[in-house]
Amino acid sequence: MAEYIFRRLMKSLLTVFISIMLTFLIIRLMPADPVSLMVDPKLSPEVQEQMRKNFGLDKPIYTQFGIYLLNLLKGDLGYSFKTREPVITVLMQRLPWTILLMFTTLIMSLAIGLPVGITAAKRRNKLFDRVVNVLITLAISIFIPFISFAFLYLFGYRLGLLPTGGAYTPPPTQGFAYVLDVARHSVLPTITLFLGNSATVILYSRNSMIDVLKEDYIRTAFAKGWDDRYVTRKHALKNALIPTVTVTGLMIGSMMGGAIMTETIYAWPGVGRLIYDSVNAMDYPVLQGAFLMLSITVVAMNFITDLVVAKIDPRIRLSGGRA
Amino acid sequence: MREVQGRQAPDDILIFDNYSAGYLDDDGHIINLLDSLSFSVKEGRALGIVGESGCGKSITGLSAIRLLSKQLVVQGGAIFLGNENLLEKTEREMQDIRGGKIAMIFQEPMTSLNPVLSVGFQIEEVLARHRPELSPDDRRSSAIELLREVGISAPEKRVEDYPHQFSGGMRQRVMIAMAIACHPLLLIADEPTTALDVTIQAQVLALMKRLKGRGSLMLITHNLGIIADLCEEVLVMYAGRIVEKADVETILKKPIHPYTQGLIASIPTLRGERQKFLYSIPGMVPAAKNFPSGCRFHPRCDRCMDLCRVEAPPLTKIRDGHSVRCHLYSGALS
């Protein structure tokens, strides 16, 4: 097990390093000169040259990369072009909001998705399963802006039940009133994200459960005289959870920065919205930081997923190979 | 159901009485697979069921523990365990029988064990189900004892291991340990050695031979050699019907059904005249929806008569303990 963890960890670190390098290079490959974005082009060439020097842009690219790596280790991601704040500060302001949205969505998706998926698998082709299948197809194929605007129109405008945007009503209040206010604001974005994510969870848990129930060892368990409940719980569930765990890990990774559309439409102050704004403002350092955070999250989630799967499946745990 | 009470000889453990089963096709029609099976497994004896793939022998085994898949439906008859008709039992009552009074070993040892549970747990599970009086510690020591009994070395250590750490032959030993855990009256073994290498087959067979006699055995296989090794009585099945039923000696030395004769002739032999080609029965087993009319074997039979095409031959008793389903012997010719 220790060897397995070590190898996974090394692989993850390598992936992070490569993604740091890619993010670094992509920004350098952009046609626009960062200096011309930051300073008035009317400044004299000498001053512009001086600024390049200050930013280290006159040095060869591998030296720049070395400096960048060193700064990264110190947690220095550079400064936002737009607000002149350190990128790390900007990201840290936004991250809690995205995490809040992500965890509520995730917990709801798993708490509802898993039982629904498993029940659908056990009642395959019965009415319940058919209805679930139709709903999944709808939820996966629906266009997020469409459903979001529909929600906003209905609940925000027509019924006036829920706020139309933001994460709280400014100025922020204190204590319980604040929590309640944030909760009210998060209802629509959470439901929007829940639709797609729960559909994925249901799809995976249902399909893997159907496959597992066909396995020979399920028949063996029945041949021992156990009832359906026990066989499902003890023999089928653990095996069926393996693909679902993997897809949930991937989901978390992509949700960290992935809710761009949802956060933008509901004006939710998370990382997704930040990415959208930074693209518009050509705020490269912030984008670079956001992408970096995203890739680290994805890699970290993959690592954690591998550990969880190894915990469930002894074949992986002991052989060390096979991901 | 039928007038069965008290009808069977006292030493019959399991009796199939005119049992028929079929499968539901997509249109909701039932297509017959097993046609009026009547046979019995005697106490302490071994019955071999032999036939080609698709002849219904596995379904016969699964019928005895009522673990048929949903598409398969019982069309009639009865299956008795002692005096009780298994087909009239509730699912709950069947669960008490499965693994307790009747245990089953399956063909694929590689996939018949759950990969995420230790073999110890999977053996103890049978005990937990049928012998609730045992404490967890008792179950563990029983599991170790069972593993030792089926020839797994260092069972105290191996009991914690997972199926993928065992070879195919060892896994089949684990399956056997699970099956004999509660000393079943009847053990059904469905192709227990087919998926194994020849040398491993011999070891597993030797183990089954050693365990033989503790209860009755119903051995399902396509390998007559294994039957000769383990069984006293043989049932030859073809396309869902019993074609010949006799003691093992008769089946091997003096088979009278053309199909049984073909099967015996297709066993390679080291003695006698050297044959250039090994005999094989022409054609193949038909799928259930294409079962021929009359005798189901007639298209492949080299002694087929007009009658065989239209009328199914009855199971005719040749002498005590030897019956055959063939018009050559049904008296229809005279």
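Helices here are DSSP runs of H or I with at least four residues, and strands are runs of E with at least two. Counted that way, chain A of this predicted model has 14 helices and zero strands. Read from the N terminus on, then, the element string of chain A is just α repeated, with nothing else in between. The C-alpha atoms of the chain fit a box of roughly 85 × 60 × 35 Å along the principal axes. Of the 323 residues in chain A, 31% come out as buried. As for contacts with a separation of 6 or more, 70% of those in chain A join residues 24 or more positions apart.

Chain B is where the domain picture comes in. The assignment splits this chain into domain 1, made of 1–101 + 185–278, and domain 2, which covers 112–183. Taken over C-alpha atoms, the centres of the two domains of chain B sit 26 Å apart. Where they touch, domain 1 of chain B puts in 13 residues and domain 2 of chain B puts in 14 residues. On the domain 1 side, helix α7 of chain B (residues 198–211) gives the most, with five residues. That side of domain 1 breaks down into eight nonpolar residues, four polar and one charged.

Now for the cores. The largest nonpolar core has 110 residues, and A177(B) and L219(B) are the ones that touch the most other members. Helix α6 of chain B (residues 168–180) is the top contributor to this core, with eight residues. Domain 1 and domain 2 of chain B both supply residues to this core, so it lies between them. Setting aside neighbours within four places in sequence, A177(B) has contacts with I123(B), L146(B), L147(B), E149(B) and V150(B). Apart from this core there is another one, of 28 residues, which includes W97(A), M102(A), M251(A) and V271(A). As a general backdrop, nonpolar side chains tend to be buried together in soluble globular proteins.

That leaves the contact between the chains. Here 22 residues of chain B meet 18 residues of chain A. On the chain B side, the elements giving two or more residues are α2 (91–97) and α3 (119–130). Of these, α3(B) has the largest share of that side, at four residues. Sorted by class, the side of chain B that touches chain A holds nine nonpolar, eight polar and five charged residues.

Note on methods: Residues are numbered from 1 along each chain as its sequence is written. Chains are lettered from A and ligands numbered from 1 in the order in which they are written. This is a predicted model: local features need pLDDT of at least 70, side-chain atom pairs count only at pLDDT 80 or more; totals for chains, interfaces and linings use all residues. A residue is buried if 20 or more other C-beta atoms lie within 10 Å of its own, exposed if 12 or fewer, and partly exposed in between; C-beta atoms are placed from the backbone. Two residues are in contact if their C-beta atoms, placed from the backbone, lie within 7 Å. A nonpolar core is a set of buried Ala, Val, Leu, Ile, Met, Phe, Trp, Tyr and Cys residues joined through C-beta atoms within 7 Å. Domain bounds come from an automatic or database domain assignment. Ala, Val, Leu, Ile, Met, Phe, Trp, Tyr, Cys and Pro count as nonpolar, Asp, Glu, Lys and Arg as charged, and the others, Gly among them, as polar.
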